[in-house]
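Q: I should like to learn how the fold and the packing of a model are read. Where should one begin?

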Amino acid sequence: MAKIIIKDIVKRYANGFEALKGVSAEIAAGSFTVILGPSGAGKSTLLRTINGLETQTAGTIQIGEHIVTPHNLRQVRSQVGMVFQHFNLVDRLSVMTNVLTGRLSHRSWLGSLLYLFRRTDLDLAHDALIRVGLTDKAWNRADKLSGGQQQRVGIARALAQQPRVILADEPVASLDPVASEEIMGLLREICTRDGITVVVNLHQVELARRFADRIIGLNEGLVVYDGPTGGLDRITLGKIYSRNGDLVDEQLETMLAYA
Amino acid sequence: MAEEIIQRPALPKKPFNPTSVWLSGWLALIWLIIVDLELSFETLLYGVQDILEYFSRYSRPNFDDLSRYVELLGQTLATALWGSTLAIVVAVLLAPFAARNLSPNAVTYRIARELLNFMRAMPDLLLALIFVAALGLGPLPGALALGVHTAGFLGKFFAESLERVDNGIYEAVTASGASRVQLVMYAGWPSIQREALGYMLYIFDRNVRMAAVLGLVGAGGIGLALHDTLRMFNYDQSAALIVVILVTILTIDYLSTWLRGKLN
């Protein structure tokens, strides 16, 4: 439901490492975009810059009509759900409370001190749990669930925010193939049915091919491919996964064998 | 078949293991201390006889006054409970400010840290003396002294636990647009719940022991009675009091170990 405009983003860390060297992209509202690239290419940094978990050295991010600044972070974040590789649930809280944390930006600090939520919040969290098929686990402790279930709770938490955008940072990197399939399917379904803009970092080319509308390929902090899924041919993949400028043909063979 | 000669590539140079250096340094330090303070093991050996004789005076505990002792024990326990409660309240309020990753800014962090350090650095015996002078004899100054001193400890423990929570959890809650207070309430405390309860039990356990001692400076409870009997050389009554204190401390120790085991 919201377009994301990434403009000339540069990110230089305190140690001088330049993770992003001027990245620009426009992500259409309601689309499903996958960011591919080798480890260290800047995928996570880019995703985390979108909701301000990282502050860029230069450039701007615009979500919908809002330019992200340090001053409107809370407001922006309330509309951007995030899903993490390691789920990042609060282990000792129930599944329900974890999902309810998605509603926090709409609640006052006083109510939060007493762990109080409104009826409407409970209903939204309940709906989110129905969407991910975990209603029966509502009162289980989050750390008692399997990895795939925990990631579904992570998605429910994002859904409870009623977001316009969902960012997923390698959401299936810690999951087995079956659970990966489920999670990607769920994200795709959310994108298609609710029109929520979904941006996913992935390592699996094959999943990207099947689920994405569009691919952004990053390598060493630069966009090396930006286009439809169909354009992911051998040469493009070679460019995305090249190391120090050398095309890695041998590894590519292996990689494509699995793709 | 001839033996094959396996040509291995050389390992990198083995890193130096400093344990022996540390150990000999430590032994040298201990030896220096013994020489410098003229600690003598001979004196200790000669003194064993006297020590044994002194302890033998405690061999016939007199429980005639047991009901009074139990009442005093109640006072001591109440002092410890109030002191611990005060410590918990203060620590819960201060700890998030003293945790580097939750504190709003460096200045607040410093202030909270130093405040906790200060409270910790004030010995509770000294605090009790001050409060007794200001408020008079009784359990109240004892509770205050324990509260202030252990709030310093508890606050530091809490803050450090809060700092150890996986940063991803804080990030996830922050990313949903939560405020700082909400971050502390939904990501901080729930994540350290078990540790925090363990620390609280430990602090209570410690405060019971200390509350018994605080009586010696006039802060009420069973310690005051022990102080009196010792001064009047009533070794049999002192012995009974010591037994009562010992049993209590052991019971509480077992209880808190059991409770902490339950929590895990």
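A: One may begin with contacts and their separation in sequence. In this predicted model, 68% of the contacts in chain A with a separation of 6 or more join residues 24 or more positions apart.

Q: What is the secondary structure of chain A?

A: Chain A comes to 10 helices and 10 strands. Its radius of gyration is 18 Å, close to the 18 Å from the globule rule for 259 residues, so chain A is as compact as a globular protein of that length. The C-alpha trace of chain A spans about 55 × 40 × 35 Å along its principal axes.

Q: How is the interior read, and which residues have the most contacts inside the largest nonpolar core?

A: Burial is read from how many other C-beta atoms surround a residue, with 20 or more within 10 Å as the cut-off. By that criterion, 45% of the 259 residues of chain A count as buried. The largest nonpolar core has 142 residues, and A:Val99, A:Ala156, A:Val198 and B:Ile222 have the most contacts inside it. Helix 8 of chain B (residues 180-214) gives the most to this core, with 17 residues.

Q: Which residues does A:Val198 touch, leaving aside those up to four places away in sequence?

A: A:Val198 touches A:Phe32, A:Ile166, A:Ala168, A:Leu187, A:Ile190 and A:Cys191.

Q: How many residues does each chain bring to the contact?

A: Chain A brings 22 residues and chain B brings 18 residues. On the side of chain A that touches chain B, helix 2 (73-78) and helix 4 (109-113) each supply at least two residues. By class, this side of chain A has eight nonpolar, nine polar and five charged residues.

Note on methods. Residues are numbered from 1 along each chain as its sequence is written. Chains are lettered from A and ligands numbered from 1 in the order in which they are written. This is a predicted model: local features need pLDDT of at least 70, side-chain atom pairs count only at pLDDT 80 or more; totals for chains, interfaces and linings use all residues. Two residues are in contact if their C-beta atoms, placed from the backbone, lie within 7 Å. Helices (H or I, at least four residues) and strands (E, at least two) are DSSP runs, numbered from the N terminus. Ala, Val, Leu, Ile, Met, Phe, Trp, Tyr, Cys and Pro count as nonpolar, Asp, Glu, Lys and Arg as charged, and the others, Gly among them, as polar. The radius of gyration is taken over C-alpha atoms; the globule rule is 2.2 Å times the number of residues to the power 0.38. A residue is buried if 20 or more other C-beta atoms lie within 10 Å of its own, exposed if 12 or fewer, and partly exposed in between; C-beta atoms are placed from the backbone. A nonpolar core is a set of buried Ala, Val, Leu, Ile, Met, Phe, Trp, Tyr and Cys residues joined through C-beta atoms within 7 Å.
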